[in-house]
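User: I've got a fold in front of me and I'd like to talk it through. Can you walk me round it, one question at a time?

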Amino acid sequence: MNRIQRRTILRGMFQGAAVAVALPYLDCFLNTNGTLLAAEGAPLPVRFGTWFWGLGVNPTRFFPTKIGKGYDLPSELSPIAKYRDKVNVFSGFDCLTDGKPVIPHGTGSTTFRSGTAPGTGGALPGATFDNIIADAIGTGTRFKTLDISAIGDRNNSLSGQGAGQMNPVETSASRFYQRIFGDGFIDPNAAAFAPDPKIMSHKSVLSVVGEERKALERSLGVADRARLDQYFTAVRQVEGQLTMQLQKPEPLVACKVPQPPKEMEVQTVLEDVLLNHEMMAHLLAMALACNQTKVFNVAFSNGASSLTRRGSSTTHHQLTHDEVVDPRLGYQPEATKFVEALMGAWGTFLGILDGMPEGDGTLLDHMLVVAHSETEYAKNHTVTNLPIMLAGSAGGRIRTGMHVSAKREPVSRVALTAMQAVGVQVESFGTLSMQTKKPIGELLV
Amino acid sequence: MKLAMATMMKRKDVIRRIRWGVGVAAVAASLAVVIAAADPSPSAGTTSMRRLTDEQYRNAITDIFGEDIQYAGRFDPVLRPTHGLQIQGVSQIAVSPAGFEQYDKVGRAIAAQVVDERHRTLLVGCTPKSATLPDDACAATFFQRTGELVFRRPLKPADVQLYVSAARRAVAVTNNFYGGLVDGLGMMLASPRFLFDVDVTQPDPARPGARRLDAYSKAARLSFLLWNTTPDRGLLAAAANGTLHTPAGLTQQVNRLLASPRLEGGVRMFFSDMLGYDQIVDLSKDGVIYPQFTPNAKRDMPEQTLRTIVDLLITNDGDYRDLFTTRRTFMTRALGAIYHVPVSEHDWMPYEFPEDSPRAGILSQPSFVATFSPPGRSSPTLRGKALRELILCQPVPDPPNNVDFSKVENTAKGTVRERLTGHRANPACASCHRFMDPIGLSLENFDGAGAYRSDENGVAIDASGDLDGSKFADPASLGQAVRNHPQLPVCLSKRLAEYAARRPLDTGEAAWVKTLSTRFVESNYRLRELLRIVATSDQFFEVSSSTATSPRTTPSPTATSPREVK
């Protein structure tokens with residue numbers, strides 16, 4: 001097929017005048033297999049995300065016994081039955097803390113994400129691997145990452161650059177909608193496109209803060225300079241966003257601007273959180289389809305989860321400690337209802353991503369999502385055998401449908417595998433006992 | 001930490017727009033010298049850059065542009081260091097991409113209002129020759145005047161030119177003079193010079209070879225400590241004419257700030273931080289068990305205690321220790337439902353509990369007993385821990401990982417005292433629980449929402465206990481025991497030193513805390529005196545490079561390098 005260079009069509013259109021250009025329809029930009037995106041024949045972008053839930057699982061009801069392909073689905077894993085062949089499950093991967101005391105509900109997630117066990121304060125010791133991935137692949141979109149928490153806890157962030165900086169999270173679907181589809185959103189499929197002079201002037205003044213950099217840096221120590229660097233990285237990202245808003249975006253067939261969701265105040269009631277999660281997951285999927293971001297972080301609940309059921313006083317966290325293990329069942333029945341609801345939500349999330357056709361497959365097929373908790377078994381705060389799943393094949397770069405079982409291997413191996421699968425040039429991840437140069441070879445294609 | 005910058009609360013009682021200073025800007029040229037003389041390279045590990053908190057940002061905007069400016073946004077959370085104050089996190093936090101996006105957006109929204117037709121006469125300060133063409137002279141006037149307030153120091157001519165040129169570039173695109181001002185001011189409000197309080201130092205004439213903070217940095221420290229906002233015109237003028245460097249000039253400014261009604265803003269912020277009120281926003285209670293815990297009650301809870309504090313410590317210049325025994329407070333209808341007190345007023349009204357009431361001191365108020373309780377019950381452990389850590393600065397270690405909670409599992413019978421006895425019988429748990437539970441148990445007369453009760457599950461509550469050897473029989477006498485605890489003034493002094501420093505203190509600063517505490521006791525526990533001592537002490541204005549070798553500010557990435565851990 002003769003490739004049409006859309007750039008040449010669009011060149012010279014940015015003098016502030018409203019222009020309506022009849023653009024060739026999307027299909028003529030797809031190759032015969034339908035796997036190529038658009039104008040320049042770029043392949044569909046690989047996306048990456050995380051999905052976190054608090055308070056782990058009941059290990060005997062969660063981890064499959066069969067290793068490798070076609071693993072069995074114990075009851076807590078059953079919500080992913082439909083997507084099993086697209087999901088890898090991991091067992092036997094541990095957070096190794098090198099003698100540092102385990103901070104209940106803190107150490108597990110921080111160690112997995114940053115590759116280093118946190119010190120007593122629990123602060124992120126360094127950049128989380130999702131942020132490292134965002135630095136590498138989160139370009140060419142409006143947002144480097146989108147971070148949400150379905151439970152109404154605005155500090156429920158597990159991602160950051162370290163040095164005290166955590167990604168802020170959005171907890172309201174309507175605000176999340178505004179951020180993506182409100183001011184500054186350009187519908188890639190709209191026929192008419194006029195670069196907004198306000199955006200042009202806004203972009204023209206951004207350089208001013210850069211000019212102030214040298215004078216400021218002179219008076220700063222090393223640590224502060226690193227913080228100032230983070231600030232300027234952020235400025236550059238906004239600059240990139242504005243640049244993008246001045247160009248007619250590539251048409252994207254899967255992108256359909258959704259209706260704004262209803263305003264809803266969500267705190268900790270499970271039923272509300274489930275609804276909030278579903279609304280935000282739909283918006284997130286559409287944000288991916290509309291190429292607004294390539295990286296996201298979803299936290300369903302928080303570490304020491306404050307989820308409650310409507311009309312009940314007890315939080316999921318309290319239950320994991322206070323509830324008696326039913327000797328007949330072998331688990332805590334009320335706490336387990338939460339675990340089941342959480343895994344149900346993960347199944348819902350997968351369903352939303354897998355329900356969006358894209359190229360020759362689905363959105364899920366072109367991405368990689370790492371789902372995990374901060375503990376194996378909350379009652380004991382164990383951070384060994386961390387429950388982790390990897391969903392999606394990152395556009396065919398990773399084998400799926402496997403149960404990968406290890407014996408006391410560091411969880412950093414899973415993180416390294418994920419980073420390499422989405423194309424980050426990184427050879428090693430983690431420090432001390434968590435340091436590894438070994439991705440999980442059987443998964444990488 | 002409050003991320004939500006919901007449409008700002010208005011404070012009708014205080015007029016807060018900084019009047020345009022005439023002549024303050026004139027010192028811009030002299031400042032240029034100061035900045036150029038800044039230390040070229042302080043040692044590694046120093047921290048001299050603190051991000052503004054959300055409240056400081058809001059207060060600064062209100063002070064500079066007036067309280068009718070509306071905006072909503074959500075900035076990066078400030079993380080509270082373990083056992084520390086939230087404000088100490090501002091020396092560690094940076095700005096993430098999503099955070100900058102917000103600052104940029106909010107800044108532009110504010111800028112658009114500043115130059116709109118309603119405000120421009122007052123806030124722009126000049127009229128352009130044409131509304132559709134660049135006017136460098138008018139733009140320069142605007143950026144010079146506004147920039148001085150936004151950046152807390154006069155702008156060098158080159159800085160002003162930067163913004164004038166930026167506005168000119170913008171007008172070339174939009175053909176709108178005021179649009180250019182929006183673009184320029186929007187940038188100022190997203191600039192690191194506004195968002196971070198960065199120390200500027202200069203050679204110290206009194207100590208050859210050493211450096212001191214320049215007068216504008218001193219002004220900012222004073223203002224953020226005492227008023228929790230950007231320096232006002234008086235402080236900027238004292239910085240401009242150099243009097244802030246003299247002991248007499250400093251004393252004069254500190255006295256002025258301490259005498260102002262705006263001191264309340266600083267005191268409220270300090271106690272909100274010390275008492276952990278950032279947690280209250282996310283606090284939820286079971287509506288079935290505690291129907292009286294309404295959104296209004298939740299809103300009024302911290303306010304009640306803050307009013308109690310301001311009334312006792314500021315309005316009446318009282319003894320800090322009396323906060324734990326006072327029967328004077330303030331009440332609203334929503335709180336009346338928790339207290340079982342009829343309230344006829346629609347607004348806040350003063351209220352005094354009778355002598356025989358169990359309600360005495362701020363520990364008996366819902367802001368304490370309800371905040372440190374789970375959604376559907378009370379928790380002596382949480383309350384005891386909070387009292388130890390927040391009020392007495394005695395940190396409690398985290399629980400061990402693998403705790404057998406089976407002994408406290410059944411909550412349907414008896415009192416929590418009986419259930420917790422199991423915990424304290426276990427030696428592994430006892431060491432910490434003995435430290436927390438007895439004091440928490442004496443607050444068991446207040447349920448998870450803060451309402452009074454005499455029994456639990458039909459069994460009378462035994463509220464007796466002891467606090468480090470001081471015995472008591474009920475919540476009121478617990479307040480008495482806390483009042484007389486020797487650690488009480490030490491803890492307040494330590495917290496205030498931390499709050500003033502906006503970073504974790506290093507070991508060398510323990511001596512400072514000790515001095516503060518001694519002098520606080522000598523002042524008969526007067527908060528205003530303690531603030532005066534802090535705000536006039538050399539340690540408060542110390543430049544960070546002099547403590548460069550201290551490990552306190554070492555950033556976490558290097559702290560976890562293998563070499564350092566081994």
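Analyst: Sure. One term before we start: two strands pair if DSSP finds at least two bridges between them. Also keep in mind that this is a predicted model.

User: Which strands are the edge strands of the sheet in chain A?

Analyst: The sheet is open and has 8 strands, in the order S3-S14-S4-S13-S12-S2-S9-S5 of chain A, with mixed pairing. An edge strand pairs on one side only, and that leaves S3 (68-69) and S5 (146-149) of chain A.

User: In what sense does S4(A) pair with S14(A), and what is the bridge partner of A:Phe93?

Analyst: Strand S4 (residues 87-94) and strand S14 (residues 402-410) of chain A share 5 bridges, in the parallel sense. Within S14(A), A:Phe90 has A:Val404 as its bridge partner. For A:Phe93, the partner in S14(A) is A:Glu409.

User: And how does S4(A) run against S13(A), parallel or antiparallel?

Analyst: Strands in a sheet pair through backbone hydrogen bonds and can do it either way. Here one of the bridges puts A:Val87 opposite A:Ala391 of S13(A). S4(A) is joined to S13 (residues 388-391) of chain A by 4 bridges, and the two run antiparallel.

User: How many residues of S4(A) are buried?

Analyst: A residue counts as buried if 20 or more other C-beta atoms lie within 10 Å of its own. S4(A) is largely enclosed by the rest of the structure, because the buried residues number 7 of the 8.

User: What lies across S2(A), S5(A) and S9(A)?

Analyst: It's a helix, running at about 170 degrees to S5(A). The strands it lies across are S2 (47-52), S5 and S9 (295-299) of chain A, and the helix is H9 (residues 270-289) of chain A.

User: Why are H4(A) and H12(A) called roughly parallel, and which residues make the contact?

Analyst: The axes of H4 (residues 129-137) and H12 (residues 412-421) of chain A come within 10 Å and cross at roughly 10 degrees. Angles under 35 degrees count as roughly parallel, so H4(A) and H12(A) get that label. Their crossing is right-handed. The contact is made by A:Phe129, A:Ile132 and A:Ile133 of H4(A) with A:Ala415, A:Ala418 and A:Met419 of H12(A).

User: Over to the two chains: which helix gives the most to the side of chain B that touches chain A?

Analyst: The contact takes 76 residues from chain B and 70 from chain A. Helices of chain B that each supply at least two residues to that side include H3 (97-114), H6 (157-174) and H7 (177-190). With 7 residues, the one that gives the most is H6(B).

Methods
Residues are numbered from 1 along each chain as its sequence is written. Chains are lettered from A and ligands numbered from 1 in the order in which they are written. This is a predicted model: local features need pLDDT of at least 70, side-chain atom pairs count only at pLDDT 80 or more; totals for chains, interfaces and linings use all residues. Two residues are in contact if their C-beta atoms, placed from the backbone, lie within 7 Å. Axes are lines fitted to C-alpha atoms, for helices over the stretch in contact, and angles run from 0 to 180 degrees between N-to-C directions. Angles under 35 degrees count as roughly parallel, over 145 as roughly antiparallel, 65 to 115 as roughly perpendicular and the rest as oblique. A crossing is left-handed if the near helix is turned anticlockwise from the far one by less than a right angle, and right-handed if clockwise. A residue is buried if 20 or more other C-beta atoms lie within 10 Å of its own, exposed if 12 or fewer, and partly exposed in between; C-beta atoms are placed from the backbone.
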